[in-house]
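Subject: A structure for you to explore

Hi there,

Here is the structure I promised to pass on to you. Please open it next to this message, and then read on for what turned up.

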Amino acid sequence: MTNDKDEEYRFLGEALAANTTLTKISLKDNHIRVESSKLIFDALKVNTTLVTLDYEGNVSEVEGSKALGEALEVNNTLTSLSLNSTRIRIEGSAILSEALTKNTTLKTLHLKVNFMKDEGVKHICEALRKNGTISEIHLGINFFGEQGAYFLSEMLKVNNTLTVLELPFNRCGPEGAKLIAEGLKENTSLTFLNLKDNRIGNAAGFIFEALKVNSTLKSLNIEHNYFSYPSWKILGESLTVNKSPLCLYCKGNAMESSGSQSIGSSLKVNNTLSFIDLSETFTDPDTCVKFICEGVEINNGLKTIDLQANKISSEGATLISEAIKRNSSIITLYLGSNEIGDKGFSYICEGLKINNSILAMYLQMNDIGEESAKFILEALKVNHTLTTLYIKGNRIKQ
């Protein structure tokens, strides 16, 4: 049974079928029902110009997935498709998988929040073993675990077109991390991997170990996985071996003094790491910042470092000041939400008087008082490279 809304989307489907100029359309969060979804997907069978479709937050389910699958088998123009939160689930993923083995144009596919679980991920991975065009896929919040990680690992061993793999907020766990690490060792195409919040723990070390042999990965997000020293040690070892350009997102893990020593030592010899996020990691702030700064002083490749929310005090600020006096590669420095205070801010400003590389510095919420404006004003008289200074949430007055 149709209703007025279905009728409206029937007209939209007819328009899409006839249109020859539209290339992008977003229907995100329109609460489109299954029957209406079928009408819109049917239009993709004949539309020859649409390249981007954002269908997030509507309802596909099994019947909608069937219509979409039939469309993807014959459509040869669509390159980007977002199906986040469309209730595809396991059965829908099987239908979509079959279509993806035949589709030769789709490059980017978003499938977040679809409750596909392990079996659904299996279906998608089966398609990716055969599909030769998809380069980016998003599978975050799909509630898969170790089994799903196994299917992803096996897919990574044979797929040579996928460059971006987004897997945040799933349940890979330690055993799943080991499996994905094995896939990374053999994969030669992936450049971006997101494993944020996957309950990995110190099995993160297996992922880091894979970096010793994988030379194509350019960005690794392993935030909030609750790993500690053993994994930091392996990461440090890997960074001394891996010479590929790399960005590391390690926010929200536990870095003890020994872990910071490992990373600090690696920074002394690695000059290809361009970005590292160590926010919310220090368990021993004064010691951790000491070892990291020792590495930063010598490093000449790092462009951005994030040390926010680490309880860095004025003592830590003196070390950061000395590091930026000697470092000439960092262009962005994040120090927000620490405990730097007026004294620490004065040290940072002394560093800025000598540094000639930093373009942006973030010092928000650091308990910097109203009299500290004089420190930055003095620094800016001699520093001619800083273009962005973010000091929101302090008490500085003009």
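How many aromatic pairs does a search of the whole structure find? The search finds eight. Before we look at one of them, please keep in mind that this is a predicted model.

**A pair of rings**

Have a look at tyrosine 249 and phenylalanine 275, which form a tilted aromatic pair. Their ring centres are 4.8 Å apart, with 35 degrees between the planes. The pair links distant parts of the chain: tyrosine 249 belongs to strand S9 (residues 246-249) and phenylalanine 275 to strand S10 (residues 273-277), 26 residues apart. Tyrosine 249 counts as partly exposed because its relative accessibility is 24%, while phenylalanine 275 has a relative accessible area of 17% and is therefore buried. The cut-off between the two classes is 20%. Elsewhere, ring pairs join Phe208, Phe227 and Trp232 into a cluster.

**The chain as a whole**

Now zoom out. The protein chain has 14 helices and 14 strands, and its C-alpha trace spans about 70 × 45 × 30 Å along the principal axes. Of its 398 residues, 54% count as buried. If you take the contacts in the chain with a separation of 6 or more, 88% of them are between residues 24 or more positions apart.

**The nonpolar core**

In soluble globular proteins, nonpolar side chains tend to be buried together. Here the largest nonpolar core has 104 residues. Which residues have the most contacts inside this core? They are Leu53, Leu111 and Leu193. Try clicking on leucine 193: leaving aside neighbours within four places in sequence, leucine 193 is in contact with Leu165, Leu167, Ile180, Leu184, Leu217, Ser219, Leu220 and Asn221.

**Two buried residues in helices**

Serine 153 sits in helix H6 (residues 146-158). Is serine 153 buried or exposed? Its relative accessibility is 1%, so serine 153 counts as buried. Apart from residues up to four places away in sequence, serine 153 touches Leu179, Ile180, Glu182 and Gly183. You may recognise Ile180, since leucine 193 is in contact with Ile180 too.

Alanine 43 is part of helix H2 (residues 34-43), and at 3% relative accessibility alanine 43 counts as buried. With residues up to four places away in sequence left out, alanine 43 touches Gly13, Leu16 and Ala17. Try tracing the chain from alanine 43 to leucine 12: these two are 31 residues apart in sequence, and their C-alpha atoms are 8.8 Å apart in space.

**An enclosed space**

One last thing to look for is empty space inside the model. Rolling a probe the size of a water molecule over the atoms shows where empty space is left. The search of the whole structure finds one cavity of 30 Å³ or more, and about 60 Å³ of space lies in the largest cavity. Which residues line the largest cavity? They are Ile292, Cys293, Val296, Ile305, Leu307, Ile320, Ala323, Ile324, Ile330 and Leu333. Helix H11 (285-298) and helix H12 (314-326) are the elements that give two or more residues to this lining. By type, the lining residues divide into 10 nonpolar, no polar and no charged.

Enjoy looking around!

Best wishes

How values were computed:
Residues are numbered from 1 along each chain as its sequence is written. This is a predicted model: local features need pLDDT of at least 70, side-chain atom pairs count only at pLDDT 80 or more; totals for chains, interfaces and linings use all residues. Side-chain values use heavy atoms; hydrogens and water are left out. Rings of Phe, Tyr and Trp (its six-membered ring) pair if their centres lie within 6.5 Å; planes under 30 degrees apart count as stacked, over 60 as edge-to-face and the rest as tilted. Helices (H or I, at least four residues) and strands (E, at least two) are DSSP runs, numbered from the N terminus. Buried means under 20% relative accessible area, exposed over 50%, partly exposed in between (1.4 Å probe, protein chains only). On a 1 Å grid over the protein atoms alone, a cavity is a set of points where a 1.4 Å probe fits but cannot get out, and a pocket is an open set with protein on both sides within 12 Å along at least five of seven lines; lining residues have an atom within 4 Å of a point. Grid points are joined across faces, edges and corners, and a volume is the space filled by probe spheres set on the points. Ala, Val, Leu, Ile, Met, Phe, Trp, Tyr, Cys and Pro count as nonpolar, Asp, Glu, Lys and Arg as charged, and the others, Gly among them, as polar. Contact means heavy atoms within 4.5 Å. A nonpolar core is a set of buried Ala, Val, Leu, Ile, Met, Phe, Trp, Tyr and Cys residues joined through side-chain atoms within 4.5 Å.
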